[in-house]
Amino acid sequence: MESYKIIEHEYDAVVVGAGGAGLRAALGMTLEGLKTACITKVFPTRSHTVAAQGGIGAALDNMGEGDNWRFHMYDTVKGSDWLGDQDAIEYMCRNAIPAVIELEHYGVPFSRTDEGRIYQRPFGGHTLNHGKSMAKRACAAADRTGHAILHTLYQQSLRNHAEFFVEYFALDLIMDDDGACVGVMALCLEDGSIHRFRAHQTVLATGGYGRAYFSCTSAHTCTGDGNAMVLRAGLPLQDMEFVQFHPTGIYGAGCLITEGARGEGGYLTNSEGERFMERYAPTAKDLASRDVVSRAMTIEINEGRGVGPNKDHIMLHLEHLDPQVLHHRLPGISETAKIFAGAEVTKEPIPVLPTVHYNMGGIPTNYHGEVLRPTADDPDRVVPGLMAIGEAACVSVHGANRLGTNSLLDIVVFGRAAAHRAAETVRPGESHRPMPSDAGEHAIARLDRMRMAKGDRKAGSIRLDMQRTMQTHAAVFRTDELMQAGLKKIHQVADSMADVGLNDRSLIWNSDLVEALELENLVSQAIVTLTSAALRKESRGAHAHEDFPDRDDANWMKHTAMWLDEKNQHRVLYRDVHMNTLSNEVESIPPVARVY
(Lines give C-alpha, C1' and ligand atoms only; values in the text may rest on other atoms or scores of the structure.)
Protein backbone atom coordinates (compact mmCIF):
# COMPACT_ATOMS: atom_id res chain seq x y z
CA MET A 1 0.00 0.00 0.00
CA GLU A 2 1.44 3.38 -0.96
CA SER A 3 1.77 5.92 1.84
CA TYR A 4 -0.92 8.57 2.09
CA LYS A 5 -0.28 11.95 3.66
CA ILE A 6 -2.78 12.66 6.48
CA ILE A 7 -3.83 16.18 7.47
CA GLU A 8 -4.89 16.51 11.12
CA HIS A 9 -7.79 18.60 12.51
CA GLU A 10 -9.14 19.09 16.02
CA TYR A 11 -12.68 20.29 16.79
CA ASP A 12 -15.12 20.18 19.67
CA ALA A 13 -17.75 18.78 17.28
CA VAL A 14 -17.67 17.43 13.74
CA VAL A 15 -20.92 17.10 11.78
CA VAL A 16 -20.91 14.77 8.75
CA GLY A 17 -23.51 15.97 6.24
CA ALA A 18 -24.89 19.42 5.44
CA GLY A 19 -28.57 18.73 4.82
CA GLY A 20 -31.19 20.24 7.11
CA ALA A 21 -30.23 18.07 10.11
CA GLY A 22 -26.48 18.61 9.74
CA LEU A 23 -26.83 22.37 9.25
CA ARG A 24 -29.23 22.75 12.19
CA ALA A 25 -26.78 20.83 14.41
CA ALA A 26 -23.72 22.73 13.11
CA LEU A 27 -25.50 26.07 13.58
CA GLY A 28 -26.72 25.12 17.07
CA MET A 29 -23.30 23.86 18.21
CA THR A 30 -21.55 26.97 16.88
CA LEU A 31 -24.08 29.18 18.72
CA GLU A 32 -23.30 27.18 21.90
CA GLY A 33 -19.63 28.23 21.59
CA LEU A 34 -18.32 24.87 20.36
CA LYS A 35 -15.67 24.85 17.63
CA THR A 36 -17.62 23.02 14.92
CA ALA A 37 -16.69 21.55 11.53
CA CYS A 38 -19.22 20.40 8.95
CA ILE A 39 -17.96 17.85 6.40
CA THR A 40 -20.11 17.40 3.30
CA LYS A 41 -19.66 15.48 0.04
CA VAL A 42 -21.80 17.99 -1.90
CA PHE A 43 -22.14 21.75 -1.63
CA PRO A 44 -24.54 22.34 1.33
CA THR A 45 -27.41 23.79 -0.72
CA ARG A 46 -27.22 20.72 -3.01
CA SER A 47 -28.07 18.40 -0.09
CA HIS A 48 -31.23 16.37 -0.56
CA THR A 49 -33.28 18.44 1.91
CA VAL A 50 -33.52 20.89 -1.00
CA ALA A 51 -35.98 18.46 -2.65
CA ALA A 52 -38.51 18.39 0.24
CA GLN A 53 -41.67 20.01 -1.07
CA GLY A 54 -44.88 20.03 0.92
CA GLY A 55 -44.24 21.39 4.41
CA ILE A 56 -42.98 20.96 7.97
CA GLY A 57 -45.51 19.71 10.53
CA ALA A 58 -46.23 21.77 13.67
CA ALA A 59 -49.47 22.31 15.57
CA LEU A 60 -49.30 26.12 15.38
CA ASP A 61 -53.09 26.30 14.89
CA ASN A 62 -52.70 29.22 12.47
CA MET A 63 -55.82 28.15 10.57
CA GLY A 64 -57.96 28.48 13.74
CA GLU A 65 -59.09 24.86 13.98
CA GLY A 66 -58.09 24.20 17.60
CA ASP A 67 -55.05 22.08 16.68
CA ASN A 68 -52.54 21.14 19.41
CA TRP A 69 -49.39 19.05 19.82
CA ARG A 70 -51.27 16.16 21.49
CA PHE A 71 -53.29 15.59 18.30
CA HIS A 72 -50.01 15.71 16.34
CA MET A 73 -48.50 13.17 18.75
CA TYR A 74 -51.50 10.84 18.40
CA ASP A 75 -51.30 11.00 14.58
CA THR A 76 -47.56 10.29 14.65
CA VAL A 77 -47.95 7.27 16.97
CA LYS A 78 -50.81 5.95 14.83
CA GLY A 79 -48.87 6.68 11.63
CA SER A 80 -45.90 4.72 13.02
CA ASP A 81 -48.28 1.73 13.47
CA TRP A 82 -47.27 1.76 17.15
CA LEU A 83 -43.60 1.05 16.43
CA GLY A 84 -42.58 4.65 17.23
CA ASP A 85 -41.08 5.44 20.66
CA GLN A 86 -43.66 7.60 22.44
CA ASP A 87 -41.13 9.54 24.55
CA ALA A 88 -39.32 10.65 21.37
CA ILE A 89 -42.61 11.38 19.57
CA GLU A 90 -43.79 13.58 22.45
CA TYR A 91 -40.43 15.39 22.38
CA MET A 92 -40.71 16.01 18.63
CA CYS A 93 -44.35 17.16 18.56
CA ARG A 94 -43.96 19.50 21.57
CA ASN A 95 -40.72 20.98 20.24
CA ALA A 96 -42.16 21.36 16.74
CA ILE A 97 -43.77 24.64 17.72
CA PRO A 98 -40.66 26.50 19.04
CA ALA A 99 -38.47 24.88 16.34
CA VAL A 100 -40.65 26.19 13.48
CA ILE A 101 -40.98 29.66 15.04
CA GLU A 102 -37.17 29.67 15.38
CA LEU A 103 -36.91 28.88 11.64
CA GLU A 104 -39.24 31.80 10.90
CA HIS A 105 -36.98 34.08 12.97
CA TYR A 106 -33.91 32.76 11.13
CA GLY A 107 -35.59 33.97 7.92
CA VAL A 108 -37.37 31.02 6.29
CA PRO A 109 -39.77 32.64 3.75
CA PHE A 110 -42.96 30.72 4.63
CA SER A 111 -46.14 31.28 2.63
CA ARG A 112 -48.59 33.49 4.56
CA THR A 113 -52.27 33.65 5.44
CA ASP A 114 -54.21 36.89 4.92
CA GLU A 115 -53.42 37.79 8.56
CA GLY A 116 -49.69 37.36 7.89
CA ARG A 117 -49.26 34.09 9.81
CA ILE A 118 -47.45 31.00 8.49
CA TYR A 119 -49.75 29.25 5.96
CA GLN A 120 -50.66 25.64 6.88
CA ARG A 121 -52.15 23.01 4.53
CA PRO A 122 -53.68 19.55 5.15
CA PHE A 123 -51.40 16.52 4.79
CA GLY A 124 -51.85 12.75 4.82
CA GLY A 125 -52.50 11.21 8.24
CA HIS A 126 -52.68 14.55 10.11
CA THR A 127 -56.03 14.88 11.90
CA LEU A 128 -57.93 16.75 14.60
CA ASN A 129 -59.54 15.04 17.62
CA HIS A 130 -57.86 11.65 17.05
CA GLY A 131 -58.97 11.07 13.47
CA LYS A 132 -62.32 12.90 13.38
CA SER A 133 -61.34 15.35 10.59
CA MET A 134 -58.26 16.40 8.57
CA ALA A 135 -55.93 18.98 10.18
CA LYS A 136 -54.15 21.91 8.50
CA ARG A 137 -50.74 21.41 10.10
CA ALA A 138 -48.12 21.52 7.32
CA CYS A 139 -46.26 24.87 7.47
CA ALA A 140 -45.39 25.51 3.85
CA ALA A 141 -43.20 27.73 1.69
CA ALA A 142 -45.21 27.11 -1.53
CA ASP A 143 -44.02 23.62 -2.58
CA ARG A 144 -40.34 24.34 -1.98
CA THR A 145 -40.27 24.15 1.83
CA GLY A 146 -37.07 22.09 2.12
CA HIS A 147 -35.31 24.44 -0.31
CA ALA A 148 -36.30 27.46 1.81
CA ILE A 149 -35.20 25.82 5.10
CA LEU A 150 -31.88 24.51 3.71
CA HIS A 151 -30.79 27.85 2.22
CA THR A 152 -31.76 29.72 5.39
CA LEU A 153 -29.86 27.33 7.68
CA TYR A 154 -26.77 27.50 5.45
CA GLN A 155 -26.82 31.32 5.49
CA GLN A 156 -27.19 31.35 9.29
CA SER A 157 -24.36 28.81 9.67
CA LEU A 158 -22.04 31.03 7.59
CA ARG A 159 -23.12 34.10 9.53
CA ASN A 160 -22.18 32.34 12.79
CA HIS A 161 -18.83 31.06 11.47
CA ALA A 162 -19.38 27.31 11.35
CA GLU A 163 -16.42 25.86 9.40
CA PHE A 164 -17.27 23.92 6.24
CA PHE A 165 -15.22 21.24 4.49
CA VAL A 166 -17.09 21.08 1.20
CA GLU A 167 -16.76 18.12 -1.18
CA TYR A 168 -15.10 15.90 1.41
CA PHE A 169 -16.17 12.23 1.37
CA ALA A 170 -16.37 10.64 4.84
CA LEU A 171 -14.61 7.26 4.86
CA ASP A 172 -14.97 5.79 8.35
CA LEU A 173 -15.43 6.55 12.03
CA ILE A 174 -12.46 6.42 14.38
CA MET A 175 -13.33 4.32 17.43
CA ASP A 176 -11.06 3.94 20.46
CA ASP A 177 -10.41 0.72 22.44
CA ASP A 178 -13.26 1.54 24.86
CA GLY A 179 -15.80 1.71 22.05
CA ALA A 180 -16.06 5.52 22.07
CA CYS A 181 -16.05 7.52 18.84
CA VAL A 182 -13.15 10.00 18.72
CA GLY A 183 -13.48 11.34 15.18
CA VAL A 184 -13.80 10.57 11.50
CA MET A 185 -11.62 10.05 8.40
CA ALA A 186 -12.43 11.89 5.17
CA LEU A 187 -11.12 12.21 1.61
CA CYS A 188 -10.94 15.67 0.04
CA LEU A 189 -12.30 15.13 -3.49
CA GLU A 190 -10.69 18.28 -4.86
CA ASP A 191 -7.04 17.44 -4.20
CA GLY A 192 -7.10 13.80 -3.03
CA SER A 193 -5.73 14.59 0.45
CA ILE A 194 -6.83 12.50 3.45
CA HIS A 195 -8.01 14.23 6.62
CA ARG A 196 -8.28 12.95 10.19
CA PHE A 197 -10.82 14.91 12.24
CA ARG A 198 -10.65 14.55 16.02
CA ALA A 199 -13.79 15.52 17.90
CA HIS A 200 -15.51 15.13 21.27
CA GLN A 201 -18.79 14.67 19.41
CA THR A 202 -19.09 13.23 15.90
CA VAL A 203 -22.58 13.77 14.44
CA LEU A 204 -23.77 11.65 11.51
CA ALA A 205 -26.33 13.51 9.38
CA THR A 206 -25.73 11.64 6.13
CA GLY A 207 -29.34 11.08 5.01
CA GLY A 208 -31.09 8.00 3.65
CA TYR A 209 -30.06 5.18 1.32
CA GLY A 210 -32.88 5.38 -1.27
CA ARG A 211 -30.42 4.69 -4.08
CA ALA A 212 -30.32 1.03 -3.04
CA TYR A 213 -33.52 0.87 -5.13
CA PHE A 214 -34.02 1.25 -8.88
CA SER A 215 -36.91 3.74 -8.76
CA CYS A 216 -36.72 6.31 -5.98
CA THR A 217 -37.25 10.00 -5.29
CA SER A 218 -33.75 10.30 -3.79
CA ALA A 219 -30.84 12.18 -5.34
CA HIS A 220 -27.94 10.04 -6.60
CA THR A 221 -25.99 11.16 -3.51
CA CYS A 222 -28.40 9.36 -1.11
CA THR A 223 -26.20 6.36 -0.39
CA GLY A 224 -26.49 6.17 3.41
CA ASP A 225 -22.75 6.61 4.00
CA GLY A 226 -23.17 7.17 7.76
CA ASN A 227 -25.23 3.98 8.18
CA ALA A 228 -22.52 1.91 6.49
CA MET A 229 -19.77 3.58 8.59
CA VAL A 230 -21.74 2.59 11.71
CA LEU A 231 -21.99 -1.05 10.56
CA ARG A 232 -18.23 -1.14 9.90
CA ALA A 233 -17.61 0.30 13.39
CA GLY A 234 -19.33 -2.75 14.89
CA LEU A 235 -22.59 -0.97 15.72
CA PRO A 236 -26.11 -1.98 14.66
CA LEU A 237 -28.77 -0.43 12.44
CA GLN A 238 -32.42 -0.44 13.54
CA ASP A 239 -35.75 -1.15 11.78
CA MET A 240 -34.20 -1.24 8.30
CA GLU A 241 -37.07 -3.38 6.95
CA PHE A 242 -39.32 -0.31 6.92
CA VAL A 243 -38.89 1.51 3.60
CA GLN A 244 -41.52 4.07 2.62
CA PHE A 245 -42.96 4.22 -0.87
CA HIS A 246 -44.37 7.68 -1.68
CA PRO A 247 -47.67 7.21 -3.53
CA THR A 248 -47.05 9.90 -6.16
CA GLY A 249 -43.75 9.57 -7.97
CA ILE A 250 -44.02 10.56 -11.66
CA TYR A 251 -44.51 7.39 -13.73
CA GLY A 252 -41.26 6.46 -15.47
CA ALA A 253 -39.12 9.24 -13.96
CA GLY A 254 -39.67 8.68 -10.23
CA CYS A 255 -39.62 12.44 -9.49
CA LEU A 256 -41.74 13.42 -6.51
CA ILE A 257 -45.15 15.09 -6.68
CA THR A 258 -45.70 16.38 -3.15
CA GLU A 259 -48.52 15.11 -0.96
CA GLY A 260 -49.32 18.83 -0.68
CA ALA A 261 -50.92 18.45 -4.14
CA ARG A 262 -53.55 16.22 -2.53
CA GLY A 263 -53.60 18.54 0.51
CA GLU A 264 -54.69 21.36 -1.81
CA GLY A 265 -57.51 19.19 -3.20
CA GLY A 266 -55.92 16.81 -5.74
CA TYR A 267 -57.22 13.23 -5.99
CA LEU A 268 -56.31 9.86 -7.52
CA THR A 269 -58.31 7.82 -10.06
CA ASN A 270 -57.97 4.37 -11.67
CA SER A 271 -58.66 3.35 -15.31
CA GLU A 272 -62.42 3.49 -14.66
CA GLY A 273 -62.16 7.11 -13.52
CA GLU A 274 -63.09 6.01 -9.98
CA ARG A 275 -61.78 7.89 -6.92
CA PHE A 276 -60.80 4.54 -5.40
CA MET A 277 -59.31 5.85 -2.12
CA GLU A 278 -62.86 6.25 -0.81
CA ARG A 279 -63.03 2.43 -0.65
CA TYR A 280 -59.75 2.03 1.25
CA ALA A 281 -59.89 5.04 3.63
CA PRO A 282 -63.47 6.34 3.89
CA THR A 283 -62.61 9.26 6.21
CA ALA A 284 -59.17 10.45 5.07
CA LYS A 285 -59.58 9.29 1.43
CA ASP A 286 -56.61 10.60 -0.64
CA LEU A 287 -55.02 11.95 2.55
CA ALA A 288 -54.63 8.61 4.31
CA SER A 289 -51.05 7.85 5.37
CA ARG A 290 -48.53 7.02 2.67
CA ASP A 291 -48.27 3.25 3.18
CA VAL A 292 -52.08 2.96 2.98
CA VAL A 293 -52.30 4.99 -0.28
CA SER A 294 -49.31 3.20 -1.86
CA ARG A 295 -50.81 -0.22 -1.11
CA ALA A 296 -54.24 0.86 -2.42
CA MET A 297 -52.65 2.06 -5.70
CA THR A 298 -50.66 -1.18 -6.03
CA ILE A 299 -53.81 -3.29 -5.44
CA GLU A 300 -55.71 -1.29 -8.10
CA ILE A 301 -52.91 -1.94 -10.61
CA ASN A 302 -52.54 -5.62 -9.64
CA GLU A 303 -56.31 -6.14 -10.06
CA GLY A 304 -56.24 -4.74 -13.59
CA ARG A 305 -57.53 -1.21 -12.97
CA GLY A 306 -54.27 0.55 -13.80
CA VAL A 307 -54.17 3.29 -16.45
CA GLY A 308 -52.34 3.32 -19.79
CA PRO A 309 -51.58 0.72 -22.48
CA ASN A 310 -49.82 -1.50 -19.91
CA LYS A 311 -52.36 -0.75 -17.14
CA ASP A 312 -49.40 0.00 -14.89
CA HIS A 313 -50.00 3.41 -13.29
CA ILE A 314 -52.61 5.70 -11.67
CA MET A 315 -53.74 9.26 -12.46
CA LEU A 316 -53.41 12.27 -10.12
CA HIS A 317 -55.89 15.07 -10.90
CA LEU A 318 -55.22 18.75 -10.24
CA GLU A 319 -56.93 20.19 -13.32
CA HIS A 320 -60.13 20.96 -11.34
CA LEU A 321 -58.22 23.35 -9.03
CA ASP A 322 -58.11 27.12 -9.54
CA PRO A 323 -55.04 27.93 -11.73
CA GLN A 324 -54.15 30.66 -9.20
CA VAL A 325 -53.94 28.04 -6.41
CA LEU A 326 -51.61 25.94 -8.59
CA HIS A 327 -49.54 29.01 -9.44
CA HIS A 328 -49.14 30.23 -5.83
CA ARG A 329 -49.21 27.01 -3.79
CA LEU A 330 -47.80 24.37 -6.19
CA PRO A 331 -45.54 26.15 -8.72
CA GLY A 332 -42.67 23.64 -8.48
CA ILE A 333 -44.68 20.51 -9.18
CA SER A 334 -46.57 22.21 -12.02
CA GLU A 335 -43.17 22.67 -13.66
CA THR A 336 -41.93 19.17 -12.73
CA ALA A 337 -45.06 17.54 -14.20
CA LYS A 338 -44.58 19.48 -17.45
CA ILE A 339 -40.90 18.52 -17.79
CA PHE A 340 -41.00 14.86 -16.67
CA ALA A 341 -44.53 13.75 -17.62
CA GLY A 342 -45.40 16.24 -20.38
CA ALA A 343 -48.55 17.01 -18.39
CA GLU A 344 -50.10 20.49 -18.26
CA VAL A 345 -51.59 20.32 -14.74
CA THR A 346 -54.32 22.89 -15.42
CA LYS A 347 -55.70 20.70 -18.24
CA GLU A 348 -54.78 17.04 -17.68
CA PRO A 349 -53.89 14.54 -14.92
CA ILE A 350 -50.36 13.42 -13.99
CA PRO A 351 -49.42 9.72 -14.37
CA VAL A 352 -48.04 8.49 -11.00
CA LEU A 353 -46.72 5.33 -9.33
CA PRO A 354 -45.54 4.51 -5.77
CA THR A 355 -41.78 5.17 -5.57
CA VAL A 356 -39.18 4.57 -2.81
CA HIS A 357 -39.02 7.77 -0.82
CA TYR A 358 -37.84 7.47 2.79
CA ASN A 359 -36.01 5.14 5.17
CA MET A 360 -37.68 4.85 8.56
CA GLY A 361 -34.77 2.70 9.76
CA GLY A 362 -31.22 3.83 10.44
CA ILE A 363 -28.76 4.38 13.27
CA PRO A 364 -30.54 3.79 16.62
CA THR A 365 -30.53 6.87 18.88
CA ASN A 366 -32.34 8.32 21.88
CA TYR A 367 -34.22 11.65 21.64
CA HIS A 368 -31.01 13.59 22.42
CA GLY A 369 -29.50 12.23 19.19
CA GLU A 370 -27.00 9.99 21.03
CA VAL A 371 -26.25 6.72 19.20
CA LEU A 372 -27.15 3.49 20.99
CA ARG A 373 -25.23 0.22 21.29
CA PRO A 374 -28.02 -1.98 22.68
CA THR A 375 -27.32 -5.12 24.71
CA ALA A 376 -29.80 -7.65 26.12
CA ASP A 377 -29.27 -6.17 29.62
CA ASP A 378 -29.14 -2.51 28.57
CA PRO A 379 -31.15 -1.82 25.40
CA ASP A 380 -30.59 1.97 25.71
CA ARG A 381 -26.80 1.96 26.18
CA VAL A 382 -25.13 5.01 24.61
CA VAL A 383 -21.96 5.11 22.44
CA PRO A 384 -19.76 7.91 23.89
CA GLY A 385 -18.88 10.66 21.39
CA LEU A 386 -21.28 9.62 18.62
CA MET A 387 -24.59 11.14 17.52
CA ALA A 388 -26.91 10.61 14.54
CA ILE A 389 -29.77 12.80 13.32
CA GLY A 390 -32.17 13.13 10.40
CA GLU A 391 -32.96 10.33 7.96
CA ALA A 392 -29.70 8.56 8.87
CA ALA A 393 -31.02 8.10 12.42
CA CYS A 394 -33.81 5.96 13.84
CA VAL A 395 -35.00 7.85 16.97
CA SER A 396 -37.64 6.21 16.42
CA VAL A 397 -40.31 8.84 15.78
CA HIS A 398 -41.46 7.34 12.47
CA GLY A 399 -41.70 3.69 13.53
CA ALA A 400 -43.04 1.56 10.68
CA ASN A 401 -44.27 4.45 8.51
CA ARG A 402 -43.55 8.20 8.41
CA LEU A 403 -46.27 10.82 8.14
CA GLY A 404 -45.68 13.54 5.55
CA THR A 405 -44.06 16.74 6.96
CA ASN A 406 -42.52 14.82 9.87
CA SER A 407 -39.17 14.42 8.04
CA LEU A 408 -38.46 18.16 7.84
CA LEU A 409 -39.63 18.35 11.45
CA ASP A 410 -37.38 15.46 12.50
CA ILE A 411 -34.24 17.08 11.03
CA VAL A 412 -34.89 20.46 12.66
CA VAL A 413 -36.03 19.20 16.09
CA PHE A 414 -33.29 16.58 16.50
CA GLY A 415 -30.57 18.76 14.91
CA ARG A 416 -31.48 21.28 17.60
CA ALA A 417 -31.62 18.54 20.31
CA ALA A 418 -28.14 17.29 19.34
CA ALA A 419 -26.76 20.84 19.71
CA HIS A 420 -28.37 21.20 23.16
CA ARG A 421 -26.94 17.82 24.23
CA ALA A 422 -23.45 18.63 22.92
CA ALA A 423 -23.52 21.88 24.91
CA GLU A 424 -24.25 19.83 28.06
CA THR A 425 -21.59 17.16 27.45
CA VAL A 426 -18.67 19.05 25.84
CA ARG A 427 -16.63 21.89 27.32
CA PRO A 428 -15.29 24.13 24.53
CA GLY A 429 -11.58 23.54 23.92
CA GLU A 430 -11.14 20.67 26.42
CA SER A 431 -8.37 18.17 25.67
CA HIS A 432 -9.16 15.18 23.47
CA ARG A 433 -9.22 11.49 24.37
CA PRO A 434 -6.07 9.71 23.19
CA MET A 435 -6.28 8.35 19.64
CA PRO A 436 -5.63 4.63 19.04
CA SER A 437 -2.19 4.07 17.48
CA ASP A 438 -3.76 2.75 14.26
CA ALA A 439 -6.45 5.45 14.06
CA GLY A 440 -7.82 5.64 10.53
CA GLU A 441 -5.63 2.90 9.08
CA HIS A 442 -8.61 0.65 8.28
CA ALA A 443 -10.26 3.51 6.36
CA ILE A 444 -7.11 4.14 4.32
CA ALA A 445 -6.63 0.42 3.62
CA ARG A 446 -10.24 0.17 2.38
CA LEU A 447 -9.80 3.26 0.18
CA ASP A 448 -6.55 1.90 -1.25
CA ARG A 449 -8.03 -1.54 -1.93
CA MET A 450 -10.94 0.00 -3.85
CA ARG A 451 -8.71 2.46 -5.70
CA MET A 452 -6.42 -0.36 -6.90
CA ALA A 453 -9.26 -2.83 -7.67
CA LYS A 454 -8.51 -4.69 -10.91
CA GLY A 455 -11.69 -6.75 -11.40
CA ASP A 456 -13.58 -7.00 -14.67
CA ARG A 457 -16.90 -5.46 -13.57
CA LYS A 458 -17.86 -1.81 -13.42
CA ALA A 459 -19.45 -0.45 -10.24
CA GLY A 460 -22.43 0.71 -12.33
CA SER A 461 -23.38 -2.80 -13.47
CA ILE A 462 -23.14 -4.23 -9.91
CA ARG A 463 -25.22 -1.28 -8.67
CA LEU A 464 -27.92 -2.09 -11.23
CA ASP A 465 -28.03 -5.71 -10.03
CA MET A 466 -28.49 -4.49 -6.45
CA GLN A 467 -31.18 -1.94 -7.36
CA ARG A 468 -33.21 -4.43 -9.43
CA THR A 469 -32.96 -7.00 -6.62
CA MET A 470 -34.25 -4.51 -4.03
CA GLN A 471 -37.00 -3.18 -6.31
CA THR A 472 -38.29 -6.72 -6.92
CA HIS A 473 -37.71 -8.42 -3.57
CA ALA A 474 -38.28 -5.65 -0.99
CA ALA A 475 -41.19 -3.85 -2.63
CA VAL A 476 -44.63 -2.56 -1.51
CA PHE A 477 -45.87 -6.15 -0.99
CA ARG A 478 -43.56 -8.90 0.26
CA THR A 479 -43.77 -12.69 0.70
CA ASP A 480 -41.46 -15.23 2.35
CA GLU A 481 -40.62 -16.82 -1.00
CA LEU A 482 -39.88 -13.44 -2.60
CA MET A 483 -37.64 -12.25 0.26
CA GLN A 484 -35.71 -15.55 0.54
CA ALA A 485 -34.96 -15.39 -3.20
CA GLY A 486 -33.93 -11.76 -2.71
CA LEU A 487 -31.54 -12.66 0.11
CA LYS A 488 -29.76 -15.18 -2.14
CA LYS A 489 -29.46 -12.56 -4.89
CA ILE A 490 -28.29 -9.72 -2.64
CA HIS A 491 -25.53 -11.92 -1.18
CA GLN A 492 -24.46 -12.76 -4.75
CA VAL A 493 -24.36 -9.02 -5.47
CA ALA A 494 -22.21 -8.50 -2.34
CA ASP A 495 -19.86 -11.31 -3.44
CA SER A 496 -19.54 -9.71 -6.89
CA MET A 497 -18.00 -6.61 -5.23
CA ALA A 498 -14.77 -8.67 -5.28
CA ASP A 499 -14.90 -8.40 -9.12
CA VAL A 500 -15.16 -4.61 -9.25
CA GLY A 501 -12.50 -2.80 -11.25
CA LEU A 502 -11.57 0.87 -11.60
CA ASN A 503 -9.90 2.50 -14.60
CA ASP A 504 -8.99 5.71 -12.80
CA ARG A 505 -6.33 5.26 -10.09
CA SER A 506 -5.94 8.97 -9.32
CA LEU A 507 -7.20 10.62 -6.13
CA ILE A 508 -8.28 13.98 -7.55
CA TRP A 509 -11.98 14.19 -8.48
CA ASN A 510 -12.11 10.43 -8.97
CA SER A 511 -15.87 9.95 -9.36
CA ASP A 512 -15.26 6.31 -10.32
CA LEU A 513 -13.71 5.68 -6.90
CA VAL A 514 -16.39 7.57 -4.95
CA GLU A 515 -19.20 5.70 -6.74
CA ALA A 516 -17.54 2.37 -5.94
CA LEU A 517 -17.20 3.34 -2.25
CA GLU A 518 -20.84 4.50 -2.21
CA LEU A 519 -21.90 1.21 -3.78
CA GLU A 520 -20.03 -0.72 -1.05
CA ASN A 521 -21.98 1.38 1.49
CA LEU A 522 -25.31 0.65 -0.23
CA VAL A 523 -24.78 -3.10 -0.51
CA SER A 524 -24.32 -3.55 3.25
CA GLN A 525 -27.55 -1.63 3.92
CA ALA A 526 -29.43 -3.63 1.28
CA ILE A 527 -28.41 -6.86 3.03
CA VAL A 528 -29.60 -5.57 6.41
CA THR A 529 -32.90 -4.35 4.90
CA LEU A 530 -33.75 -7.65 3.23
CA THR A 531 -32.57 -9.75 6.21
CA SER A 532 -34.59 -7.71 8.72
CA ALA A 533 -37.65 -7.88 6.45
CA ALA A 534 -37.39 -11.65 6.01
CA LEU A 535 -37.26 -12.11 9.81
CA ARG A 536 -40.34 -9.95 10.61
CA LYS A 537 -43.35 -12.28 10.40
CA GLU A 538 -46.15 -9.71 10.44
CA SER A 539 -47.49 -6.74 8.46
CA ARG A 540 -46.90 -3.34 10.07
CA GLY A 541 -46.76 0.08 8.39
CA ALA A 542 -44.61 -0.03 5.28
CA HIS A 543 -43.77 -3.74 5.78
CA ALA A 544 -46.71 -5.50 4.08
CA HIS A 545 -46.03 -9.25 4.40
CA GLU A 546 -48.67 -11.14 2.41
CA ASP A 547 -48.03 -14.43 4.25
CA PHE A 548 -48.70 -12.62 7.57
CA PRO A 549 -51.26 -9.95 6.67
CA ASP A 550 -52.03 -8.83 10.25
CA ARG A 551 -50.10 -6.74 12.75
CA ASP A 552 -48.85 -8.96 15.60
CA ASP A 553 -48.37 -6.79 18.71
CA ALA A 554 -47.84 -9.78 21.00
CA ASN A 555 -44.69 -10.97 19.17
CA TRP A 556 -43.53 -8.12 16.97
CA MET A 557 -44.07 -4.79 18.71
CA LYS A 558 -40.29 -4.40 18.95
CA HIS A 559 -37.39 -2.79 17.13
CA THR A 560 -35.00 -4.86 15.01
CA ALA A 561 -31.34 -4.05 15.82
CA MET A 562 -28.99 -5.74 13.34
CA TRP A 563 -25.20 -5.96 13.12
CA LEU A 564 -23.29 -7.01 9.97
CA ASP A 565 -19.71 -8.28 10.05
CA GLU A 566 -17.05 -7.96 7.34
CA LYS A 567 -18.19 -11.31 5.86
CA ASN A 568 -21.78 -9.97 5.59
CA GLN A 569 -23.03 -12.28 8.33
CA HIS A 570 -25.72 -10.74 10.52
CA ARG A 571 -26.53 -10.78 14.23
CA VAL A 572 -29.88 -9.57 15.52
CA LEU A 573 -31.27 -8.27 18.82
CA TYR A 574 -34.80 -7.00 19.46
CA ARG A 575 -35.48 -3.89 21.58
CA ASP A 576 -38.77 -2.99 23.21
CA VAL A 577 -40.70 0.00 21.86
CA HIS A 578 -40.81 2.87 24.39
CA MET A 579 -44.51 3.10 25.25
CA ASN A 580 -43.84 5.64 28.03
CA THR A 581 -44.34 9.36 27.48
CA LEU A 582 -41.91 12.06 28.64
CA SER A 583 -44.34 14.01 30.81
CA ASN A 584 -47.63 13.71 32.67
CA GLU A 585 -49.24 16.14 30.22
CA VAL A 586 -50.17 13.36 27.83
CA GLU A 587 -51.01 9.70 28.36
CA SER A 588 -49.41 6.75 26.59
CA ILE A 589 -51.42 5.87 23.47
CA PRO A 590 -52.38 2.16 23.49
CA PRO A 591 -52.40 0.25 20.18
CA VAL A 592 -55.66 -0.04 18.26
CA ALA A 593 -56.52 -1.09 14.70
CA ARG A 594 -55.12 1.46 12.26
CA VAL A 595 -57.86 2.76 9.96
CA TYR A 596 -58.25 6.06 8.09
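These exercises work through salt bridges, a sheet and one helix residue in a predicted model.

**Exercise 1.** Determine which parts of the chain the salt bridge between Arg 575 and Asp 380 links, and classify the burial of each residue.

*Solution.*
1. The two side chains meet at 2.6 Å, N to O.
2. Arg 575 lies in strand β22 (residues 570–576), while Asp 380 sits in the loop between β16 (370–372) and β17 (382–388). They are 195 residues apart, so the pair links distant parts of the chain.
3. Buried means under 20% relative accessible area. Arg 575 has 2%, so Arg 575 is buried.
4. Asp 380 has 36%, so Asp 380 is partly exposed.

**Exercise 2.** Place Arg 540 and Glu 538 among the salt bridges of the structure.

*Solution.*
1. The structure holds 43 salt bridges.
2. In one, the side chains of Arg 540 and Glu 538 meet at 2.7 Å, N to O.
3. Both residues are buried.
4. Both belong to a network of salt bridges, whose members include Asp 81, Arg 295 and Asp 553.

**Exercise 3.** Find the edge strands of the sheet with order β3-β5-β4.

*Solution.*
1. The sheet is open, has three strands and pairs in the antiparallel sense.
2. β3 (56–57) and β4 (120–128) each have a single partner strand, so these two stand at the edges.
3. β3 pairs with β5 (residues 133–139) over two bridges. Gly 57 has Ala 138 in β5 as its bridge partner.

**Exercise 4.** Classify Gln 492 in helix α14 as buried or exposed.

*Solution.*
1. Helix α14 spans residues 480–496.
2. The relative accessibility of Gln 492 is 52%, so Gln 492 counts as exposed.

Methods. Residues are numbered from 1 along each chain as its sequence is written. This is a predicted model: local features need pLDDT of at least 70, side-chain atom pairs count only at pLDDT 80 or more; totals for chains, interfaces and linings use all residues. Side-chain values use heavy atoms; hydrogens and water are left out. Helices (H or I, at least four residues) and strands (E, at least two) are DSSP runs, numbered from the N terminus. Buried means under 20% relative accessible area, exposed over 50%, partly exposed in between (1.4 Å probe, protein chains only). Two strands pair if DSSP finds at least two bridges between them. A salt bridge is a side-chain nitrogen of Lys or Arg within 4 Å of a carboxyl oxygen of Asp or Glu.
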